[in-house]
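User: Please take one part of this model and go through it closely: the salt bridges, along with the packing that surrounds them. Informal is fine, but keep the reasoning visible.

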Amino acid sequence: MALVLKSFYCGYKRYFAEFQDPRTVNFPLVNPPWMPFALVGAYLYFVLRLGPKLMADRKPFNLKPLILVYNLVQVIANAALCVAATKAAYDLHISFKCQPVNRSSSPEAIRELQMIHCYYILKVADLVDTVFFVLRKKQSHVTFLHVYHHAGVLLGAYVYFRVVGGGHASMLGIWNTFVHAVMYFYFFLTVYRPELTRNANWKKYITILQMVQFAYLVVHFGLPVLFNLDCGIAKFWLWMPMIQNVFMFVLFLDFYRRTYGRRKAEMASPESDN
């Protein structure tokens, strides 16, 4: 046990202290290094234990005005960051095959780092979405896929901001902010104009869009590994998101099959109208 704890401590010290990009030291919610892990821990405790317990004997909160504002802010923030990051990628003529990390203090490198930090902050803000589910007593929406995705993406964004600092991994942020801008716009409409989404296939197509995102990112991170390209970072930082996106693709594919495959079968059934 002592050896395991020592190894854990050495790994923690190595990756979260010695390997920290010195340019990230003064950014909010980055130090101390346990900060995002504490946020995720508090999030999990509230949405899985404390929140449902507090709401057990209470009526659901009416959060419609707050949710409308939250979703609209998310749409604007994600869309703005996606556009800014895409423009920066175009201006820098980035390589989709292998983009090295720029660890300098040039204006371009600092701008990239600032955008990655904004992405990390957006992932922190995403946690509020689940809190709304709990306060509205929609605990059935708090699924493993939903919670794992929110917690995992936040921690992944933090680790890559703190240690990697951009480069090839930046494409993940561009894809993710685009998908989230679409997703939160759908959420906004379901509250503001529910009649526009009630009989539409928005949710189905957003799920497909998310799977396309994961499939692309598997290829994106897999290319440097497959062709043994030097992107300025250890291969571990390419293997990890590649495997993670394979896992997410499988989870979303399973959700798609269970949700929309069942609906198709029910529509084909002669008893589906009963």
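Analyst: The count comes to six salt bridges. Keep in mind that this is a predicted model. The background idea is simple: side chains of opposite charge can pair when their charged atoms come close.

Let's start with Asp21 and Arg23, whose side chains meet in a salt bridge with an N to O distance of 2.7 Å. Both partners are buried, Asp21 as well as Arg23. The pair also belongs to something wider, since Asp21, Arg23 and Arg103 are linked in a network of salt bridges.

Next comes a pair inside a helix. Lys123 and Asp126 form a salt bridge, 2.9 Å from N to O. The two sit in helix H4, three residues apart, or about one turn. That spacing suits pairing, because an α-helix has 3.6 residues a turn, so residues three or four places apart point the same way. As for burial, Lys123 has a relative accessibility of 2%, so it counts as buried. Asp126 is likewise buried, because its relative accessibility is 2%, and the cut-off is under 20%.

Now set that beside Asp254 and Arg258, another salt bridge, with the closest N and O atoms 2.9 Å apart. Here the partners are four residues apart in helix H8, so about one helical turn separates them. The surroundings are another matter: Asp254 is at 38% relative accessibility and therefore counts as partly exposed. Arg258, at 44%, is also partly exposed, because that class runs between 20% and 50%.

What about the nonpolar packing? In the largest nonpolar core, which has 48 residues, Tyr120, Ile233 and Trp237 touch the most other members. Helices H2, H3, H4, H5, H6, H7 and H8 each supply at least two residues of this core, and H5 gives the most, with eleven. Tyr120 is worth a click in the viewer: beyond its neighbours within four places in sequence, it contacts Pro28, Leu29, Val30, Pro36, Leu154, Ala157 and Tyr158. Apart from this core lies another one, of 13 residues, including Leu63, Ile67, Leu68 and Phe132. As a rule, in soluble globular proteins, nonpolar side chains tend to be buried together.

H4, home of the Lys123 and Asp126 pair, also turns up around H3. The buried residues of H3 include Ile67 and Leu68, together with polar ones such as Asn71, Gln74 and Asn78. H4 and H6 are among the elements that cover the buried residues of H3. H3 has a length you can check by hand: its 28 residues should span 40 Å at 1.5 Å a residue, and its end C-alpha atoms are 40 Å apart, so the two agree. Just after H3, His93 takes a positive phi of about 50°.

Last, a bit of nonpolar surface. Tyr45, Leu50 and Leu54 make a nonpolar patch of about 270 Å². Leu50 lies in helix H2, and it counts as partly exposed because its relative accessibility is 30%.

So, back to your request: Asp21 with Arg23 is a buried pair, whereas Asp254 in H8 is partly exposed, as is Arg258.

Terms used. Residues numbered from 1 in each chain as written. Predicted model: local features only at pLDDT ≥ 70, side-chain atom pairs only at ≥ 80, totals over all residues. Heavy atoms only, no water. Core = buried A, V, L, I, M, F, W, Y, C linked by side-chain atoms within 4.5 Å. Buried < 20%, exposed > 50% of the residue type's maximum accessible area, 1.4 Å probe, protein only. Contact = heavy atoms within 4.5 Å. Salt bridge = Lys/Arg side-chain N within 4 Å of Asp/Glu carboxyl O. Patch = residues over 30% accessible without salt bridge, like charges linked within 9 Å, V, L, I, M, F, W, Y side chains within 5 Å. Areas by Shrake-Rupley, 256 points an atom, 1.4 Å probe, with all protein chains shown as cover. Expected span 1.5 Å × (residues − 1).
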